[in-house]
Amino acid sequence: QRRVHGSMDDGQDSILHSLLEERTMQNIKSSQLLADRIQWEVKYREHELEGNIHQLINVSGWLWKTPNLLSSWQRRWSYTQDGCFWQNKDEKSKENSKPIFQMKEILMIKKDPRYVNPPPVKNISYGFVVVTKSGKEYYFCAEDKSSFQSWIKCINLCLETERKNM
């Protein structure tokens, strides 16, 4: 028995059902992304009002560090958490670790320092120096452009936030 002209057969009905299902899933994902963004914005505003936006600024990855430009370089897992900058010998060891500095203590960042003793990475232009309000300088070098950009963006966001809070 054939359907009346103008109605869909089972194949077309199946395609339409699939398209509607796909559109529904896209709408759900969009709604979830929007809800996540709103939730982040609310947290951001709460922290901004309290003056501790640094709690939301997080980045992690391998950085090379040296205490001064004449010393040897060491590779460390570095990350920001709870408004502080941390470093460990590897990604998993967090025992007995204490923060290196608080992100709100950053005074400035210098990009592409001139190294006397360059780090063992392919491109030393991924180097930067973090200067804290106490005048201490921390020498770092990222391993690649993406990591370098993430750290610079994170630190600049901290600096921008500090300027707003002054």
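**Figure 1. Long-range contacts and overall fold of the predicted model.** In this predicted model, residues 24 or more positions apart account for 45% of the contacts with a separation of 6 or more. The protein contains 2 helices and 7 strands, which follow one another along the sequence as α-β-β-β-β-β-β-β-α. Of the 166 residues, 33% are buried. The exposed surface comes to about 11500 Å², and carbon and sulfur atoms supply 51% of that area.

**Figure 2. The open sheet of 7 strands.** The strand order is β4-β3-β2-β1-β7-β6-β5, with antiparallel pairing. The edges are formed by β4 (101-102) and β5; each has a single partner strand, so one side of each is left without a neighbour in the sheet. Further legends below treat the pairings β2-β1, β1-β7, β7-β6 and β6-β5 within this order.

**Figure 3. Strand β1 between β2 and β7.** Strand β1 covers residues 60-66, and 5 of its 7 residues are buried, so the strand is largely enclosed by the rest of the structure. Towards β2, β1 runs antiparallel and is joined by 6 bridges. In that pairing W62 stands opposite W77 of β2. Towards β7, the pairing of β1 is again antiparallel, with 4 bridges. Here L63 stands opposite A142 of β7.

**Figure 4. Strand β6, covered on both faces.** All of β6 (residues 127-132) is buried, 6 of 6 residues, so the strand is largely enclosed by the rest of the structure. One side carries G127, V129 and V131, the other F128, V130 and T132, and every one of these residues is buried. In a buried residue the relative accessible area is under 20%.

**Figure 5. Pairing of β6 with its two neighbours.** Strand β5 (residues 106-111) and β6 are antiparallel and are joined by 5 bridges. On the other side, 5 bridges join β6 to the antiparallel strand β7 (residues 137-142). V130 takes part in both pairings: its bridge partner in β5 is I109, and its bridge partner in β7 is Y138. A further position in the β6-β7 pairing is G127, which stands opposite C141 of β7.

**Figure 6. The hairpin of β6 and β7.** Between the two strands of this hairpin there are 4 residues. At G135 the backbone takes a positive phi near 95°. The strands that the hairpin connects are antiparallel, with 5 bridges between them.

**Figure 7. Surroundings of R75.** R75 is part of strand β2 (residues 74-81). With a relative accessibility of 34%, R75 counts as partly exposed. Beyond its neighbours within four places in sequence, R75 is in contact with W62, L63, W64, K89 and E143. The C-alpha atom of R75 lies 9.4 Å from that of P119, a residue 44 positions away along the chain. Where does the side chain of R75 make a polar contact? The partner is the side chain of E143, at 2.6 Å.

**Figure 8. The salt bridge of R75 and E143.** Side chains of opposite charge can pair when their charged atoms come close. A search of the whole structure gives 2 salt bridges. In one of them the side chains of R75 and E143 meet, with an N to O distance of 2.6 Å. This pair links distant parts of the chain, 68 residues apart: R75 belongs to strand β2, and E143 to the loop between β7 and α2 (145-165). Both residues are partly exposed, R75 with a relative accessible area of 34% and E143 with 29%.

**Figure 9. The salt bridge of E137 and K110.** The closest N and O atoms of E137 and K110 are 3.0 Å apart, and the two residues form a salt bridge. This pair also links distant parts of the chain, 27 residues apart, with E137 in strand β7 and K110 in strand β5. At 28% relative accessibility E137 counts as partly exposed, as does K110 at 35%. In the sheet order, β6 stands between the strands β7 and β5.

Methods. Residues numbered from 1 in each chain as written. Predicted model: local features only at pLDDT ≥ 70, side-chain atom pairs only at ≥ 80, totals over all residues. Heavy atoms only, no water. Buried < 20%, exposed > 50% of the residue type's maximum accessible area, 1.4 Å probe, protein only. Contact = heavy atoms within 4.5 Å. Areas by Shrake-Rupley, 256 points an atom, 1.4 Å probe, with all protein chains shown as cover. Pairing = 2+ DSSP bridges. Polar contact = N/O pair within 3.5 Å; in protein donor to acceptor, adjacent residues only side chain to side chain. Salt bridge = Lys/Arg side-chain N within 4 Å of Asp/Glu carboxyl O.
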